[in-house]
Amino acid sequence: MPDSRRFTHIDEGFVCAVCGQDVPPLRYTARNHCRKCLCSLHVDINPGDRLNTCGGVLRPVGIEKGKKALRIVSRCDKCGTTVRNITAQDDDYDVILTLSARGAYENMGTM
Ligand SMILES: [Zn+2]
Ligand SMILES: [Zn+2]
């Protein structure tokens, strides 16, 4: 088996490059997006590896219902890649609701 699905556990706080929110470490899992605007930077190939040189802003475009948790569907400003992130416990729920209300990803057959 090639080591192609590495999940590096990096849980670190950061200042959001999009809205300036000071985002503390999450403690229970790796933080990968801003809790306020739900944006993140396109820096991972596999979650947490920081090996992607794109560096574009991943903007949330919708909410998808995963098996255990809601997932934020984000699209990269720069390269157009779509990325899914599991929501964190302290994510701004109003933002999640607003995205969810758009319903763009409700009927994609992932249920
Ligand atoms: Zn932010
Ligand atoms: Zn990108």
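**Helix against the sheet.** I began with helix H1, residues 93–102, and found that it lies across S4 and strand S5 (70–76), running at about 70° to S4. I keep in mind throughout that this is a predicted model.

**Elements.** Going through the chain from the N terminus, I read the order as β-β-β-β-β-β-α, which I tallied as one helix and six strands.

**The sheet.** I then followed the pairing and noted that four strands form an open, antiparallel sheet in the order S3-S4-S5-S6. Its edge strands are S3 (40–41) and S6 (82–86), each of which pairs on one side only. Looking at one edge in detail, I saw that S3 pairs with S4, residues 57–65, in the antiparallel sense over two bridges, and that serine 40 has leucine 58 in S4 as its bridge partner.

**Two positive phi values.** I looked up leucine 38, in the loop between strand S2 (22–23) and S3, and found a positive phi of about 65° although the residue is not a glycine. Leucine 38 counts as buried because it has 25 C-beta neighbours inside 10 Å, where the cut-off is 20 or more. I also looked up arginine 50, in the loop between S3 and S4, where phi is positive again, near 55°, in a residue other than glycine. Arginine 50 has 13 other C-beta atoms within 10 Å, so I entered it as partly exposed.

**Whole chain.** Finally, I noted that buried residues make up 18% of the 111 residues in the chain, and that, of the contacts with a separation of 6 or more, 32% are between residues 24 or more positions apart.

Terms used
Residues are numbered from 1 along each chain as its sequence is written. Chains are lettered from A and ligands numbered from 1 in the order in which they are written. This is a predicted model: local features need pLDDT of at least 70, side-chain atom pairs count only at pLDDT 80 or more; totals for chains, interfaces and linings use all residues. A residue is buried if 20 or more other C-beta atoms lie within 10 Å of its own, exposed if 12 or fewer, and partly exposed in between; C-beta atoms are placed from the backbone. Two residues are in contact if their C-beta atoms, placed from the backbone, lie within 7 Å. Two strands pair if DSSP finds at least two bridges between them. Axes are lines fitted to C-alpha atoms, for helices over the stretch in contact, and angles run from 0 to 180 degrees between N-to-C directions.
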